[in-house]
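Visitor: Please take one part of this model and go through it closely. I would like to see how the nonpolar interior is put together and what packs around it.

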Amino acid sequence: MDIKNMLKSIYKLLSESECDQIEFYEPQEGIFRAKNETRIINDVYKISYINNNYKTINFFIVFNKNEFLYKVDNKKTKSWEIDVTNKDSREIEDLIDFYSTKESNMGLTMMKNSMQSNPIRFIDSLDENEINIYVEILKYENLVEQSTTIADYMYFNNFKKFLSEFLPLFL
């Protein structure tokens with residue numbers, strides 16, 4: 001993952017869309033309390049700006065470099081995965097094609113801690129007067145379509161989908 005170029009692409013889209021007060025922050029730990037314990041999300045990149053509707057938008061972005069395919073619905077609470085570490089690109093594409101068209105989770109492993117769990121609690125710990133959105137950029141395309149509305153506060157997919165389908169909603 002070329003994080004530097006991804007961030008440049010985000011900046012380019014925001015500035016070309018005439019967003020104001022665009023600020024990028026160094027990655028930090030997202031620290032919050034849940035179930036009477038402190039939890040941490042590592043390497044959270046914050047991007048803050050004022051959109052064309054004069055709303056403050058805060059994106060909290062995590063880059064997931066893991067060699068897994070994920071089936072993570074941003075409207076549900078369960079997550080599924082399959083390890084593709086020893087697969088070539090053709091095998092990975094075949095798996096994406098297969099699982100993207102099936103409702104079944106057969107062959108996938110349910111994650112003990114869903115990918116949605118910590119982001120929900122993290123977002124709940126932030127200023128409710130601002131629009132705060134958690135985005136996890138996956139190495140590969142998500143195996144399930146993401147909801148893409150301005151009411152969504154989580155998004156899990158690859159960078160191409162994020163830049164073309166989700167970020168433009170908040171310009």
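Guide: What follows is a look at the nonpolar cores and the elements around them. The model is predicted. The largest nonpolar core has 23 residues, and I10, Y49, F59, I61, V135 and F162 touch the most other members. Two or more residues of this core come from each of α1 (3-16), β3, β4, β8 and α4 (159-166). The helix α1 contributes the most, with five residues.

V135 shows the packing at the level of one residue. Leaving aside residues up to four places away in sequence, V135 is in contact with F59, F60, I61, V62, Y155, F162 and F166. Of these, F59, I61 and F162 are also listed with V135 among the members that touch the most others.

Apart from this core lies another one, of 16 residues, including V44, I123, Y134 and F156. I123 leads to helix α3, residues 117-124, where the buried residues are S117, P119, F122 and I123. Here buried means under 20% relative accessible area. These buried residues of α3 pack against five strands, β2 (28-34), β3 (37-50), β4 (56-64), β8 (131-138) and β9 (154-157). Among those strands, β3, β4 and β8 also give two or more residues to the largest core.

One further element is an open sheet of three strands, in the order β5-β6-β7 with antiparallel pairing. Its edge strands are β5 (68-72) and β7 (109-110), each paired on one side only. β5 and β6 (residues 79-83) are joined by five bridges, and V72 has S79 in β6 as its bridge partner.

Technical notes. Residues numbered from 1 in each chain as written. Predicted model: local features only at pLDDT ≥ 70, side-chain atom pairs only at ≥ 80, totals over all residues. Heavy atoms only, no water. Buried < 20%, exposed > 50% of the residue type's maximum accessible area, 1.4 Å probe, protein only. Helix = DSSP H or I, 4+ residues; strand = E, 2+ residues; numbered from the N terminus. Contact = heavy atoms within 4.5 Å. Core = buried A, V, L, I, M, F, W, Y, C linked by side-chain atoms within 4.5 Å. Pairing = 2+ DSSP bridges.
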